[in-house]
Amino acid sequence: MKTEFGTLKTVDIRKIWPSEPSNFTPWLAENINKLSQILGKDLEIVQTEYAVGDFSADIVAKDLSSSSIVVIENQYGTSDHKHLGQMLLYCAGINASCVVWIAESFKDEHRKTIEWLNNNTVNNIEFYAVELEIIQIDDSRPVPLFKIIESPNKNVSGKTIQNSDTQEKYRQYFQLLIDELREKHKFTNAKIGQPQNWYSFSSGVSRNFHYGASFALNDRARAEVYLDGGDQIINKDIFDKLYAEKEIIEKEIGTTISWERLDDKRACRISVYTDGHIDLDTEELVKIREWTIEKLLKLKEVFPKYIKKYI
């Protein structure tokens, strides 16, 4: 039996998105998860065409794992000095911790510049060069492919910031947590544990809320739905409508929920708690991690269908 193969071809990006600012940038903002996956980050859109002086950054996003700012600069064609300069201007003007430069291809001098920046800046500044192409097999639907050609390699820099013992415990704990959530449950795109007592995860459906895991006050571990779409009135309104369905929601979750309206803050928190702190022995931390994963998965199973009614 003869096997027939299709023909793989590259499609002109302009046939899919005629204009970078009018077509590609809005598409990427709506499909940011496709870029998040290759970067290993949970990105949430803050704004497109973000004004910086006389220029506008294509996309400004937030890395939920650290609340740091990410700037995304898009370019059709081959990389050029203009977009390199704009990329650095946006990084400084917005105080970004990560810059992603997307182009169809990169000149060697620009690739080497990104490499140099990664090797000679402090540990919390990251630069990525990402190539984009559209491929198609015969007459199948076209597929966008993002390929990282330069990325941070901070191990070669002499400017590494040393974590304290407690920070390192948090980093190790959350590294194991996000690895299991990503690899086993497809819950997150995040790949790097942070030296902090909390971690946030994209809801994947709306910027009005996200999920969180943390070690809270009074020796408690917490899994939560965090309502914060940027508008206090909207946040409180969604919270109040969810609270009106408290009994039904708690029955589905299978446990009592802590409903925290946080009247003096912009956001609201809906949480479940268990006893625990980061200085427990390994066996106890494993139990807390298992509890956290179970609760995060349950929150994700139940809450989106309720929140979607009110956004």
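Student: Which elements each supply at least two residues of the lining of the second largest pocket?

Tutor: They are α2 (20-30), α3 (32-39) and β2 (43-52). Keep in mind that this is a predicted model.

Student: Which of them gives the largest share of the lining?

Tutor: α3 does, with 4 residues. The full lining has 23 residues. Asn-33, Ser-202, Ser-203, Gly-204 and Val-205 lie nearest the centre of the pocket. Its volume is about 510 Å³.

Student: What makes up the lining of the second largest pocket, by class?

Tutor: It has 10 polar, 7 charged and 6 nonpolar residues. Gly counts as polar here, and Gly-204 is among the residues nearest the pocket centre.

Student: Turn to the rings. How many aromatic pairs are there?

Tutor: The count is 18.

Student: Why is the pair of Tyr-173 and Phe-174 called edge-to-face?

Tutor: Set the angle against the cut-off. Planes over 60 degrees apart count as edge-to-face. The planes of Tyr-173 and Phe-174 stand at 90°, so the pair earns the name. Their centres are 5.1 Å apart, and the limit for a pair is 6.5 Å. Both Tyr-173 and Phe-174 are buried.

Student: And why is the pair of Phe-187 and Tyr-211 called tilted?

Tutor: Its planes are at 50°. Stacked needs under 30 degrees and edge-to-face over 60, so the rest are tilted. The centres of Phe-187 and Tyr-211 lie 5.6 Å apart.

Student: How do you know that this pair links distant parts of the chain?

Tutor: Phe-187 and Tyr-211 are 24 residues apart. Phe-187 sits in the loop between α6 (165-183) and β8 (198-202), while Tyr-211 is in strand β9 (residues 209-216). Phe-187 and Tyr-211 are both buried. Ring pairs also join them into a cluster whose members include Tyr-173, Phe-174, Tyr-199 and Phe-215.

Student: What lies over the face of Phe-187?

Tutor: Lys-300, at 4.9 Å from the ring centre. The distance limit for a charge over a ring is 6 Å. Arg-220 is placed over a ring as well: its charged end is 4.0 Å from the centre of the Tyr-273 ring.

Student: Why is Cys-91 not bonded to the closest cysteine sulfur?

Tutor: That sulfur belongs to Cys-98 and is 8.8 Å away, too far for a bond. A disulfide needs the sulfurs within 2.5 Å. The count of disulfides is 0.

Student: Is Cys-91 buried or exposed?

Tutor: The relative accessible area of Cys-91 is 12%. Buried means under 20%, so Cys-91 is buried. Cys-268 is at 0%, so it counts as buried too.

Methods. Residues numbered from 1 in each chain as written. Predicted model: local features only at pLDDT ≥ 70, side-chain atom pairs only at ≥ 80, totals over all residues. Heavy atoms only, no water. Phe/Tyr/Trp six-rings, centres within 6.5 Å; stacked < 30°, edge-to-face > 60°. Buried < 20%, exposed > 50% of the residue type's maximum accessible area, 1.4 Å probe, protein only. Lys NZ or Arg CZ within 6 Å of the ring centre and 35° of its normal. 1 Å grid on protein atoms, 1.4 Å probe; cavity = no way out; pocket = protein on both sides within 12 Å on 5 of 7 lines; lining within 4 Å. Points joined across faces, edges and corners; volume = space filled by probe spheres on them.
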